[in-house]
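Please work through the following exercises with the sequence and the coordinates open beside you. Each exercise sets a task and then gives a solution in steps.

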Amino acid sequence: MSKTMHRILVTGAAGQIGSELTATLCERYGSENVLATDHREASASLHEGCSFERLDVTDKKQIEILIDRYEIDTVFHMAAILSAIGEEKPQLAWQVNMGGLYNVLEVARERNLVRVFSPSSIAVFGPETPPDPAPQTPPLRPTTMYGLTKVAGELLGDYYVHRFGLDVRGVRYPGIISSETLPGGGTTDYAVEVFYEALRKKHYTCFVREDTVLPMMYMPDCIQATIDLMETDFGRLVHHCDFNLASMSFSAGELAAEITKHIPEFTCNYKPDKRQTIADSWPHAIDDSAARDEWGWKPSYDLPSMTEDMISRLSKKIGL
Ligand code: AKB
């Protein structure tokens with residue numbers, strides 16, 4: 001049997017996934033048991049209920065102090081520099097993604113924590129990966145700094161499992177589509193931006209080609225997967241830090257066409273920029289049979305149901 005998570009620290013809690021994950025963890029484990037942290041000041045809604053502290057994950061001492069002060073036993077380590085910013089600032093991406101993860105794992109090892117979640121990404125794949133679908137264990141040769149840090153992060157997490165007996169787990173997130181917090185600095189950000197622009201301006205200029213197909217997932221499925229994996233009994237797991245995770249795959253043009261069903265005036269044009277090269281290096285679809293077999297992963301949303309829900313939530317949020 002796995003040990004139970006009681007006192008949880010979330011890094012990157014003001015980010016796209018971190019903010020919604022923190023809210024769900026508060027509901028599930030009690031907000032008095034969740035500590036949200038981020039390198040920037042978080043919005044007031046994130047503070048509601050749970051404690052918030054500023055945390056720079058590249059500073060190990062700061063992590064140690066918070067883990068001791070709040071008697072933390074579990075870390076969801078969501079802080080990272082994503083693919084597009086990672087190409088603009090590769091040195092920073094290495095420092096935050098590798099340095100931050102190493103610090104978290106070391107503090108977790110030294111204090112014998114119950115569990116660490118260390119997210120990975122479809123960015124671990126590269127142009128040599130079979131794209132339709134990407135298998136669970138192909139040779140991993142990414143061409144971005146972000147992808148490279150995610151491959152090293154998966155290997156490092158698995159090393160801590162086997163060498164030190166630390167319970168570290170992670171999934172390879174596809175592009176995540178969400179209505180609460182905007183993504184920042186990723187290649188798949190167009191799949192969120194398009195909704196805001198469709199509602200506000202009835203037009204979007206997309207930074208990847210119309211025929212660009214990438215694996216995507218709606219936030220409720222993303223949160224469900226994260227929590228399901230973390231609550232699975234350790235004994236069921238063969239993989240640890242590198243689970244492929246799939247939900248839906250569509251082209252930028254197919255997404256625009258789906259939005260047009262709800263907003264008939266919406267138009268989209270395509271002006272690929274340097275993020276196209278990153279998108280072209282990633283697979284179109286993902287084989288997630290290991291996640292399905294080992295911990296029962298099953299997504300709930302597809303392109304039509306995600307689009308309908310996004311439009312309904314964003315219309316309320318932006319007051320339309
Ligand atoms: C990005 O685009 O960099 C991220 C990811 C797929 O990990 N959304």
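The exercises below concern a predicted model, and they move from its domains to its sheets, its nonpolar cores and a few backbone details.

**Exercise 1. Domains**

Determine which segments make up domain 1 and domain 2, and describe the interface between domain 1 and domain 2.

Solution. Begin with the division of the chain: domain 1 comprises 8-175 + 219-244, and domain 2 comprises 177-216 + 248-317. Next, take the centres of the two domains over C-alpha atoms, which lie 23 Å apart. Then count the residues in contact, which gives 40 residues of domain 1 against 36 residues of domain 2. Finally, consider the area buried between domain 1 and domain 2, which is about 3100 Å², with carbon and sulfur atoms contributing 61% of it.

**Exercise 2. The sheet of 6 strands**

Establish the strand order of the open sheet of 6 strands, and trace how β1 is placed in relation to β2.

Solution. The order is β3-β2-β1-β4-β5-β7, and the pairing is parallel. At the edges stand β3 (51-54) and β7 (168-169), each of which pairs on one side only. Turning to individual pairs, β1 and β2 are joined in the parallel sense over 3 bridges, and leucine 9 has leucine 35 in β2 as its bridge partner. Towards the β7 edge, strand β5 (residues 115-117) pairs with β7 in the parallel sense over 2 bridges, where valine 116 stands opposite valine 168.

The side chains of β1 can be examined next. In a regular strand the side chains alternate between the two faces of the sheet. In β1, Ile8 and Val10 point one way while Leu9 and Thr11 point the other way, and all of them are buried. To complete the picture, helix α3 (residues 60-69) lies across β1 (8-11), β2 (34-38), β3 and β4 (74-77), and the helix runs at about 160° to β3.

**Exercise 3. The sheet of 3 strands**

Work out the order and the pairing of the open sheet formed by 3 strands.

Solution. The order is β9-β11-β13, and the pairing is mixed. The edge strands, each pairing on one side only, are β9 (175-177) and β13 (248-251). Neighbouring strands of this sheet are turned against each other by 45° on average, direction ignored. For the pair of β9 with strand β11 (residues 213-218), the sense is parallel and there are 3 bridges, with methionine 216 in β11 as the bridge partner of glycine 175.

**Exercise 4. Helix α7 and the largest nonpolar core**

Find out how far α7 is covered, and identify what α7 gives to the largest nonpolar core.

Solution. First, α7 is mostly covered, since 8 of its 11 residues are buried. The buried residues are Tyr190, Ala191, Val192, Val194, Phe195, Tyr196, Ala198 and Leu199. Their cover includes α1 (16-29), β9, β10, β11, α9 and α12.

Second, consider the core itself. Of its 41 residues, Ile177, Tyr190, Phe195, Leu255, Ile259 and Met306 touch the most other members. Elements that supply at least two residues each include α6 (145-164), α7 (190-200), α9 (252-262) and α12 (303-317), and α7 gives the most, with 8 residues. This core draws at least three residues from each of domain 1 and domain 2.

Third, look at one member closely: leaving aside residues up to four places away in sequence, phenylalanine 195 touches Ile177, Leu255, Ile259, Met306, Thr307, Met310, Ile311 and Leu314. Apart from this core lies another, of 36 residues, including Ala13, Val171, Ala290 and Trp295.

**Exercise 5. Backbone details in loops**

Locate the cis peptide bond, and decide whether glutamate 71 and lysine 202 count as exposed or partly exposed.

Solution. The cis bond joins aspartate 132 and proline 133, with omega about 5°, and proline 133 is in the loop between β6 (120-121) and α6.

For glutamate 71, phi is near 50°, a positive value in a residue other than glycine, and the residue is found in the loop between α3 and β4. Its relative accessibility is 60%, so glutamate 71 counts as exposed, the cut-off for that class being over 50%.

For lysine 202, in the loop between α7 and β10, phi is also positive, near 60°. Lysine 202 counts as partly exposed because its relative accessibility is 31%, between the limits of 20% and 50%.

Technical notes. Residues are numbered from 1 along each chain as its sequence is written. This is a predicted model: local features need pLDDT of at least 70, side-chain atom pairs count only at pLDDT 80 or more; totals for chains, interfaces and linings use all residues. Side-chain values use heavy atoms; hydrogens and water are left out. Two strands pair if DSSP finds at least two bridges between them. Helices (H or I, at least four residues) and strands (E, at least two) are DSSP runs, numbered from the N terminus. Axes are lines fitted to C-alpha atoms, for helices over the stretch in contact, and angles run from 0 to 180 degrees between N-to-C directions. A nonpolar core is a set of buried Ala, Val, Leu, Ile, Met, Phe, Trp, Tyr and Cys residues joined through side-chain atoms within 4.5 Å. Buried means under 20% relative accessible area, exposed over 50%, partly exposed in between (1.4 Å probe, protein chains only). Domain bounds come from an automatic or database domain assignment. Contact means heavy atoms within 4.5 Å. Buried area is the accessible area (1.4 Å probe) that two parts lose on being put together, summed over both.
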